[in-house]
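Visitor: Please take me closely through one part of this chain, residue by residue, and then set that part in the fold as a whole. I would like to know the cut-offs behind each term as you go.

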Amino acid sequence: QVQLVESGGGLVQAGGSLRLSCAASGRTFSMYGMGWFRQAPGKEREFVAAIHWSGGSTYYADSVKGRVIISRDSAKNTVYLQMNGLKPEDTAVYYCAAARRPFLVHSPLGYNYWGQGTQVTVSS
């Protein structure tokens with residue numbers, strides 16, 4: 001019902017910045033909120049940030065607070081993840097996800113649709 005496509009990943013030096021984008025298509029009117037998760041090799045998928053689509057309330061993992069900003073452009077059906085002060089431990093595949101109804105924002109179980117992921121690599 002909802003398709004998500006991430007972009008903006010790449011290779012950056014420690015301390016650098018990236019802005020990830022996630023474009024939604026399909027039945028986007030049914031979206032309640034969107035979130036970003038990341039997964040490094042051998043690690044569990046972890047919550048990064050989330051935003052309520054209508055109200056704009058934001059949520060962040062402690063590991064990225066102060067360095068990451070999640071935002072949305074309703075006209076473009078796109079959510080962004082601005083990442084600053086990147087660290088090597090931020091290296092992972094980043095996934096965007098969409099929820100069609102209210103649920104716990106920090107859990108992957110709260111989301112119904114997922115993008116294909118975009119690789120972020122931070123060199124030391």
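Guide: A residue is called buried here when its relative accessible area is under 20%, exposed when that area is over 50%, and partly exposed in between, with a 1.4 Å probe and protein chains only. The model is a predicted one, in which local features need pLDDT of at least 70 and side-chain atom pairs count only at pLDDT 80 or more, while totals for chains, interfaces and linings use all residues. Residues are numbered from 1 along each chain as its sequence is written, and side-chain values use heavy atoms, with hydrogens and water left out.

The part I would choose is centred on His 52, which is found in strand β5; strands are DSSP runs of E with at least two residues, helices are runs of H or I with at least four, and both are numbered from the N terminus. With a relative accessible area of 14%, His 52 is buried. If we set aside its neighbours within four places in sequence, the contacts of His 52 (heavy atoms within 4.5 Å) are with Tyr 32, Gly 33, Ser 57, Tyr 59, Arg 72 and Val 105. Ala 40, although twelve residues from His 52 along the chain, has its C-alpha atom 25 Å from that of His 52.

One of these partners, Arg 72, leads us into strand β7. Arg 72 is partly exposed, its relative accessible area being 28%, whereas His 52 is buried. Beyond its neighbours within four places in sequence, Arg 72 is in contact with Ile 51, His 52, Trp 53, Ser 54, Gly 55, Gly 56, Thr 78 and Val 79. Gln 3 lies 69 residues from Arg 72 along the chain, and the two C-alpha atoms are separated by 16 Å.

From Arg 72 we can step on to Val 79, which has its place in strand β8 and is buried, with a relative accessible area of 0%. Outside the four places on either side in sequence, Val 79 is in contact with Leu 20, Ser 21, Cys 22, Met 34, Trp 36, Ile 51, Trp 53, Ile 70, Ser 71 and Arg 72. A separation of 17 Å lies between the C-alpha atoms of Val 79 and Gln 1, which are 78 residues apart along the chain.

Between β7 and β8 there is a loop, and Asn 77 lies in it. Asn 77 is partly exposed, at a relative accessible area of 23%, and has a positive phi of about 50 degrees although it is not a glycine. Most residues other than glycine have a negative phi. Asn 77 is touched by Thr 28, which also touches Val 2 when residues up to four places away in sequence are not counted. Thr 28 belongs to the loop between β3 and β4 and counts as buried at 13% relative accessibility.

Returning to β5, we meet Phe 47 in that strand, and at 12% relative accessibility this residue too counts as buried. Not counting residues up to four places away, Phe 47 touches Trp 36, Phe 37, Tyr 59, Tyr 60, Ala 61, Val 105, His 106 and Tyr 111.

The setting is a protein chain with zero helices and eleven strands. Its radius of gyration is 13 Å, close to the 14 Å that the globule rule gives for 124 residues, so the chain is as compact as a globular protein of that length; the radius is taken over C-alpha atoms, and the rule is 2.2 Å times the number of residues to the power 0.38. Of the 124 residues, 44% count as buried. Among contacts with a separation of 6 or more, 56% come from residues 24 or more positions apart.

The largest nonpolar core, meaning a set of buried Ala, Val, Leu, Ile, Met, Phe, Trp, Tyr and Cys residues joined through side-chain atoms within 4.5 Å, has 36 residues, and those with the most contacts inside it are Leu 4, Trp 36, Leu 81, Met 83 and Tyr 94. Among the strands that each supply at least two residues of this core are β5 (46–52), β7 (68–73) and β8 (78–83), while β9 gives the most, with six residues.
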